[in-house]
Each structure stands twice: as C-alpha cells, then as structure tokens.
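Please look at the sequence and the structure together before reading on. The report below takes up one residue and the sheet to which its strand belongs.

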Amino acid sequence: MVRTTLLLATALALSPPAWAGDEPLYEPAPAWVLEAVPQVEPSGPPIILFDDQRRIEQGRLWTYVDRAMRIDNPQMLTAAGTLQAAWLPDKGDLIIHRVTILRGGEEIDLLAQGARFEVLRRERGLEQRMLDGAHTATLPVPGLRVGDVLRLSFTTTVADQALDKEVQTIAVLPPEPFQAGFGRVRLSWPQGSDVRWQANGVEMPQPIVENGFATLEAKLPLAKLPDMPEDAPARYSMPPLLQAGTFADWQEVSQVMAPLYSTEGTIAPGSAVAGKVTAIKAAHAGSLDRAVAALRLVQDEVAYLANGMNGGNYIPQSPAETWEMRYGDCKAKTLLLLAMLRDMGIEAEAALVTTSTGDSLPSILPMAAAFDHVIVRTVIDGTEHWLDGTNAGTSTAVVFEVPPFHHALPLRADGAGLIAMAQRPQSAFDRESALTFDHRAGLDVPMLYTAEWHLNGPAGAPVRAVIGQASEDQIDEFVQNFATAQLGDSRVISGTLSFDSASNSATVRATGLMTSPWRWERGTGTRDFGLPSGNFTFRPDRSRAAWRDIPVALPGPYSERVEITVLLPDAAEGYQLEGREGFAEEIAGVRLERTARKEAERLVIVDSAAWPGGELSPGDAVAERARAVRFGSTELKLRAPANVTRRYAAARSADRSRFAAVEAAYAELIAKDSEDNENYRNRANFRAGTFDRAGALEDLSIVLEREPDADTYFQRSQLNADLNRLEDALADAEAAFELAPSVSAARQRAELLRYFGRQEEAIALLEDQDATGEERRTLSIAISDLNAEIGRKDQGLQRIVELLEQRPGDPDLLNARCWYQATWNYQPEDLVTICTEAVEQADWSAPVLDSRAMGYYRLGRHPEALKDLEAALAASPDQSASLFMRGIVRRAMGDGDGQRDISEALARTPSLERHYALFGITAE
C-alpha cells in the first residue's frame with residue numbers, strides 16, 4: 001500500500017550492512033544538505049521549520065529531517081517535551097546533527113551541553129504482533145519553556161540488500177490547511193543515474209542539475225486539495241506524493257522480489273511440513289480441495305506475527321522455521337503455503353498487493369514500497385484464486401471470492417506487470433440469519449425472540465476463537481454482546497456457539513427478551529425491520545463539473561441474507577405492510593431480493609443483499625442512479641390494526657395468561673443470574689406496565705433490600721401511591737429525595753404531602769429547590785396548584801400569568817393556565833379563549849385537548865368537551881386521565897357507558913380518583 005512514508009517497516013528487506021549502527025551517531029549534517037534558516041516569529045504557525053531533504057546515491061537513501069516548533073502553551077510543552085527519532089539499525093544509521101532551543105536572541109545547544117538520546121529497543125508494534133527491528137531514540141528536553149522554539153535535525157540512512165541495491169522513497173507533500181513558517185521537500189540524485197521520479201497530485205518543474213546532481217524541490221504547504229465526493233475511489237483522495245526510485249518498471253520489481261519466494265528445497269523429505277502435505281493429498285483428491293486444506297492449515301495453525309527483524313522486512317522466514325515456531329507474517333505464511341502447493345503439484349505464485357489503495361497502483365511509480373501485503377495466486381481448473389494465509393475462515397464455499405485489493409503484482413523470475421483483481425459474485429452469504437420475534441403477548445410489552453446467525457468465511461473466525469478457549473461465563477458474555485450488536489439492547493436468556501469444521505463456518509444461537517420495537521403515533525402502531533436491503537442507497541453526487549468524470553466506489557464484497565418470522569397477537573390479515581413486499585433486482589451491481597408473506601398469525605420476510613465491491617464508471621453510475629430512483633425506497637414497515645389488543649386491556653382482568661411466556665422468560669433470566677438486580681428492575685417495569693402492581697412492588701423491594709437507590713425508591717413510591725398506600729408512598733419519596741435530591745423527587749414528595757394536609761410544607765419544599773429555568777417554571781406551576789388547594793387561587797393564577805408575561809405564547813404555560821382555571825373552576829369567563837390558544841399553539845396535542853375538555857366541562861359545554869376527549873384518546877389511547885374525564889362527561893350527559901369509562905380509567909390508574917377529588921370531581 002502507498003502510505004505517507006516508505007513502507008519498509010511494515011511491508012514485506014539480507015543481513016545488516018556493515019555500516020549500520022545500534023546507537024545514534026552525533027555528526028554534522030551531510031555536505032549535500034542545504035541548511036534552512038528559520039525565521040522565528042512571535043505569532044503565526046507554531047511549526048517554524050518543516051524541512052525534508054533526501055538523497056539517493058550508491059544504493060542508499062539518505063533522509064535529512066529538520067524541524068523547529070514554537071512552544072505556545074503548556075499542552076505543546078508536554079507534547080513536544082520528549083524528542084523521538086526512529087531508524088532500522090540493520091539497514092542504516094541514525095545521525096543526530098542538532099538539538100537546540102531558541103530563546104529570545106539566544107541559541108542553546110543541548111548537544112554541546114552533553115544531552116544524548118537514549119535508545120529504546122522495545123518493539124513499538126508488539127501489541128499489534130509486529131516486530132520490525134526498529135529502534136527509537138528519545139530525549140527528554142531539559143529546560144524547555146513555553147515561548148521557546150525547539151529545533152531538531154537528524155539524518156537516517158537505509159540500504160536494503162534484499163532489493164538488489166535498488167532504492168526507493170516516497171515523500172508526502174502536505175497541502176493546506178497544514179501551515180509552516182518555512183516548508184519544503186527536496187530530493188536529489190547523481191546526474192545520469194537510473195533514478196526515476198514522479199509527482200502525484202501536484203505539478204513540479206523538471207529537476208535542476210548542479211554539481212553533478214539532479215534536484216527537485218517542492219515548497220510547502222501545497223494549495224488546498226479540491227473536495228472529492230465521499231464515494232470516489234481511494235486514488236482520488238490520495239495525498240500529493242513525490243516518489244523516486246531505481247526500479248525500471250513493475251517487471252523489474254517482480255524480478256527483484258521473486259527470488260525471495262523461491263520454494264525449491266524448502267520442504268525437506270520426512271520433515272513435519274512434508275508430513276502435512278502427504279496427509280492433505282491422502283485426504284483430498286481434487287486440486288482445489290487440496291489448496292483449500294493447505295490454506296486452512298496455514299490460517300489456523302500458524303499464528304500471525306509480523307517478524308521484520310534482522311533484515312526481514314522483505315525476506316520471509318523459511319517454511320520449516322514458520323512451522324516450527326508456529327507464527328509468521330504475510331511473507332512467512334505465503335512462502336509456507338507456496339511450498340506446500342508446489343509440493344502437491346499445484347502451480348502457484350506469490351503476488352504483492354496493497355490492502356487499502358490498490359486502485360491507485362497503476363498511477364504509482366513502480367517500486368516495492370507501493371505494497372504492504374503478499375498473498376498467493378493460483379489458477380485451478382481454469383479459475384483464478386487468491387489465497388491469503390493471514391485471513392481466516394476459508395472453505396470451498398468462499399474460496400472463489402476475490403479480496404478487495406484491485407491490483408496485484410505476481411512475482412516471477414522473468415518479471416510480470418500489474419494484473420487486475422476483478423471482482424465476481426460471491427457464491428455464499430457472509431452472514432445468514434433466522435430471527436423469530438414473538439409479539440403474541442402484545443405489541444407494547446417486551447418481546448421474546450429466538451435467533452440463529454450463520455457466519456461464513458472470515459465472519460466466523462471470532463466465534464471459532466472463543467469456542468474451546470473461553471469459560472462458560474465468557475461465552476455467555478460473547479453471545480450477549482453479539483446479540484446486542486445485531487438486535488439492539490436485549491437480554492439473552494440462553495445462547496450457544498458452534499463451529500462446523502467441514503464448512504469452516506460458525507453459528508451463534510440465542511433466545512432472549514427485548515423492548516418492543518413497535519412505535520405508536522396517534523394510537524397507531526408501526527414497526528420497522530433491520531433488513532440487509534434496507535441499507536441500500538445509490539445516490540452518487542456528481543453535481544459539480546469537476547466531479548463528473550469520477551467513478552463511484554462500491555462497498556463490498558459483502559453479502560447477507562435474513563429470514564424474519566413475526567408472531568402476531570391477532571390474525572395477520574388485519575396488519576398492513578407498507579413498502580416493497582417483494583423484488584429481485586440488481587442495481588449498481590448490488591443484488592437485492594425480498595419476499596414477504598402473511599399467513600395465519602404470522603409474517604415471514606426473506607431479504608438479502610450482496611454488495612459487489614469494485615467501482616462503476618461515471619456513465620454507468622448515471623444510468624444506475626436513474627434506475628435506483630425508479631426503484632424507490634427499500635423501507636418496509638408493518639402497521640397494526642386500529643383495534644389491536646393493547647397492554648392496558650389487562651388492567652381490568654385477572655387473567656394474565658397472555659403474559660405467561662414473558663413472565664417465564666424473566667423467571668429464567670433471574671434463575672440464571674439471581675444476583676443481577678437489572679433483571680428484577682426489568683421485570684418490575686414489565687409488571688407495572690401490565691398492571692401487576694403487587695408483583696412489581698415485590699421486585700422493587702428485592703432491589704432496594706440489596707442496593708438502595710433513588711430511582712427505585714421513586715418508582716416504588718409511585719406504585720404505592722397508585723395502590724393508595726400513601727404513607728408507604730411518602731416514605732419512599734422521602735428516601736429517594738434523601739439519596740438523590742432532585743426536582744422530580746421533590747415534586748413527588750410535595751404531591752403526596754397534600755393528601756396529608758401538609759400543603760404549606762409542600763410549597764416550602766418546592767420553593768427551596770435549586771432548579772434550572774425550565775425546572776423552575778415546572779415547580780412554580782406545581783406551587784400554584786397547591787396555593788389554589790388551600791384557598792389562594794388568585795395567588796396561584798398570578799404565578800402562571802407572570803410566567804406567561806416572560807414567555808408569551810408558550811404552549812406549555814398556556815396549557816398550565818388553561819388547566820389551572822379549569823380544574824379549580826376559577827375565572828371561567830376567559831377560559832375558552834385561553835384553552836383554545838393553548839390547543840392551537842401546541843398543535844392539537846392530546847394533553848392540551850384534555851385540558852380544554854376540562855374547561856368545556858366546567859362551562860357545562862359537554863358535547864364540546866366530549867369531542868376534545870375523543871380526539872385526545874384517538875391520538876393517545878393510553879391517556880387514562882382523558883378516559884376518566886370522558887366517563888365523567890358522558891355520565892353528565894346521561895350516557896350509561898360513562899361509568900364504564902371511569903372504571904376502566906381507575907383500573908389503569910387508581911390514583912386518578914384521589915387526584916380528581918381535589919377538584920370536586922368524584923368517580924361515583
């Protein structure tokens with residue numbers, strides 16, 4: 001891969017050269033360096049000097065670095081307080097020239113004062129299983145202060161015999177917004193030598209020849225790069241690069257690197273590797289089956305470790321070493337696999353690739369540093385295969401897949417050019433899922449699910465790694481995390497992992513419980529589905545003239561199929577699917593398929609999508625975008641019938657059989673981990689939501705005995721209040737307030753205090769709260785209500801009026817005034833005007849309609865009150881206060897069904913009777 005620096009350390013280099021050193025040298029800069037004089041300014045860019053000079057000469061690359069930075073603040077002082085310089089001691093030297101501090105007009109020479117770098121030999125990438133042989137020299141800068149300018153100059157050298165005296169370098173040319181007082185990149189080489197150069201993304205003049213050397217120079221920063229569409233291929237977002245090297249072409253790169261992957265004599269007769277080859281040949285007849293078996297052996301039984309020590313940045317360790325040590329990097333794995341394949345009579349060759357910017361290779365100057373990875377290429381039965389020993393999960397089902405590297409360079413003794421790695425359709429899905437969502441207990445209660453995920457290829461590797469190595473608890477945690485990642489927040493009741501060695505695929509199974517995904521708007525329920533095709537969009541933006549000829553990069557290759565079964569509480573015919581129920585299309589190379597069918601009390605959806613990878617030409621992209629627009633949205637929703645059974649239907653029924661499966665699931669979760677209080681909290685929420693208040697209290701009490709917290713006390717207080725256990729409710733509210741004083745806890749205490757005749761105490765409590773502006777308004781409204789209750793109706797109303805004067809037209813405050821005057825039957829003359837303004841400002845929301853209905857009721861305008869309450873309940877059928885008042889209004893109108901509404905509302909929220917009695921409205 002082309003990176004921002006030469007990839008000698010991370011790519012694929014013979015014994016260390018004699019002049020290389022393990023310790024830094026302290027010498028003047030080379031004579032060819034053109035010294036820069038930094039212009040120190042008190043302001044402007046903190047990077048005073050950014051100088052990068054390189055020379056190619058006699059098979060060696062010299063890189064001179066000169067940096068000066070002004071220390072503007074304590075943060076920079078910390079960041080720049082320790083200098084670092086890295087080099088490869090088996091390939092060259094680190095030569096320190098200068099470490100100085102510029103302070104005012106004084107230059108402090110730290111090297112002259114005896115400062116020396118300390119060499120760290122610990123591998124920098126060890127945690128990522130990378131050994132590159134690099135050493136890092138560090139120096140804590142003595143005496144550095146804010147306001148100083150710190151300057152460091154050093155040179156590193158590299159000569160890599162593995163490249164047969166070829167030299168290569170890549171220098172990034174930073175564009176704006178990078179800033180520096182003085183910046184440049186300078187590159188020189190002997191006139192007439194075979195050095196070739198190329199600048200990508202920037203126009204540069206021809207080299208200037210002086211004193212026998214050709215020199216290129218770029219002033220930095222370059223101009224800001226033009227914006228690129230996000231879906232442009234990677235090559236369009238490459239930073240400007242200055243490249244130089246001595247390779248003539250890709251064929252020479254191939255020729256130079258090919259001997260490193262010669263396998264002749266690498267598998268000794270009777271050796272362990274030879275035994276593995278014999279076993280594979282005996283177990284498998286066909287060449288492809290044998291190749292897959294060899295690849296799986298390399299993937300599964302040789303751990304990855306990038307070992308670039310002692311000249312090994314390009315040189316692979318031998319197959320025998322790799323097998324004996326059971327670790328190796330891409331070079332080692334590739335050489336081992338090559339040796340095995342060739343020993344089995346399968347023709348194969350090593351191929352260099354780059355893992356992220358392979359589409360840019362044809363525009364890159366030919367050099368080995370353009371690559372960061374090596375794999376195996378083979379043609380079996382006329383089909384080209386790409387075998388990556390560092391991957392995982394290979395099987396005959398996925399071996400046809402082409403990795404997304406775009407181009408490869410086969411390594412051959414007679415050389416080779418770049419070849420395209422054309423994508424082809426996947427022969428197996430990466431992920432196949434079978435999900436059952438059980439809504440039979442109701443659409444608005446927790447949902448049971450069963451799930452099975454079948455993972456092919458690399459997707460199954462993490463599962464295999466867990467099986468056999470993790471404890472039972474760790475497996476449970478893995479399944480829980482996996483299910484959460486796929487489905488969202490859920491609780492796994494049971495889960496298993498399995499791995500099929502024959503197909504090299506993994507399966508994750510889980511049963512669990514999760515919050516219902518149904519969403520309710522104006523009394524109507526809908527739910528979405530996370531379908532593979534639901535992620536499909538193709539809207540490439542090529543609206544700018546400069547973008548019109550840019551291809552579109554496609555995601556992938558990746559494919560997924562899911563089968564979803566939804567178990568419904570009522571006949572499926574009553575439900576409506578919104579969106580595309582079925583299709584089989586290929587748009588922009590993406591294959592999309594879906595079928596959906598309703599049967600009895602279930603819905604079954606089968607959906608798949610396969611993203612191809614690669615890219616589309618600008619012309620094809622225009623045509624495919626038009627097809628995507630005509631195709632439309634892939635969104636799919638399920639809409640419930642208006643009369644679907646809701647959870648509050650259980651409020652007046654002792655029969656909880658419909659909830660038995662959910663209750664059993666909570667019981668199983670608790671039995672699985674009885675110490676997990678969250679399971680008790682979740683069951684309490686479910687029970688409270690389905691009107692088993694006694695069961696909810698039991699669960700909350702268990703939590704509070706173990707781990708008292710304000711939220712649980714607050715929740716139990718509300719339940720006790722609903723059950724008319726006012727003393728218990730107040731005690732819990734006070735405990736919640738003591739543990740975590742808050743506005744909500746104070747309001748709960750105040751609301752309960754009024755039923756003990758302690759309104760003044762409640763008012764004092766609310767007035768004493770330290771609240772935000774919005775909270776203060778809420779508290780003021782609650783205080784006004786308490787004032788009205790004890791006969792100070794004018795004072796209570798004045799509070800709300802003053803708030804409205806501060807925020808005229810505020811819908812919440814208008815509603816508060818409407819509700820106050822209506823409930824306390826105070827100043828009815830302007831009630832309709834105020835309440836109607838509140839309704840209009842609140843966009844006819846259900847709670848405000850309920851307030852106006854109370855106003856109409858007080859005025860004896862019962863039909864209008866009933867109309868508002870019907871509208872409120874249509875929008876929010878679970879608003880039990882509106883149901884209660886509808887019963888009151890209907891009763892006042894002589895409708896015998898009014899008492900049924902009242903009874904239903906009190907079954908849902910028993911505290912309504914006590915609350916409305918404050919306003920003189922009685923249930924009987």
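What follows describes a predicted model, beginning with a single arginine and moving outwards to the surrounding sheet.

**The arginine**

R431 is found in strand β25, which covers residues 431–438. Although R431 is buried, it has no salt bridge, and the nearest side chain of opposite charge, that of E560, is 4.1 Å away. Because a salt bridge requires a side-chain nitrogen of Lys or Arg within 4 Å of a carboxyl oxygen, the pair R431 and E560, at 4.1 Å, does not count as one. The side chain of R431 does, however, make a polar contact of 3.3 Å with the side chain of Y558. When residues up to four places away in sequence are left out, R431 touches H454, L455, F482, Q486, Y558, S559, E560 and R561.

| Partner of R431 | Relation | Distance |
|---|---|---|
| Y558 | polar contact between side chains | 3.3 Å |
| E560 | nearest side chain of opposite charge, no salt bridge | 4.1 Å |

**The sheet**

Strand β25 belongs to an open sheet of eight strands with mixed pairing, arranged in the order β27-β28-β26-β25-β32-β36-β35-β34. Its edge strands, each pairing on one side only, are β27 (490–500) and β34 (583–587). On average, and with direction ignored, neighbouring strands of this sheet are turned by 10 degrees against each other.

At one edge, β27 pairs with β28 (residues 505–514) in the antiparallel sense over 10 bridges, and S498 has T507 in β28 as its bridge partner. As for the other edge strand, helix α9 (residues 618–631) lies across β34 and β35 (590–599), running at about 155 degrees to β34.

Notes
Residues are numbered from 1 along each chain as its sequence is written. This is a predicted model: local features need pLDDT of at least 70, side-chain atom pairs count only at pLDDT 80 or more; totals for chains, interfaces and linings use all residues. Side-chain values use heavy atoms; hydrogens and water are left out. Helices (H or I, at least four residues) and strands (E, at least two) are DSSP runs, numbered from the N terminus. Buried means under 20% relative accessible area, exposed over 50%, partly exposed in between (1.4 Å probe, protein chains only). Lys and Arg count as positive and Asp and Glu as negative; His and the chain ends are not counted. A polar contact is a pair of N or O atoms within 3.5 Å; within protein, one must be able to donate a hydrogen and the other to accept it, and residues adjacent in sequence count only if both atoms are side-chain atoms. Contact means heavy atoms within 4.5 Å. Two strands pair if DSSP finds at least two bridges between them. Axes are lines fitted to C-alpha atoms, for helices over the stretch in contact, and angles run from 0 to 180 degrees between N-to-C directions.
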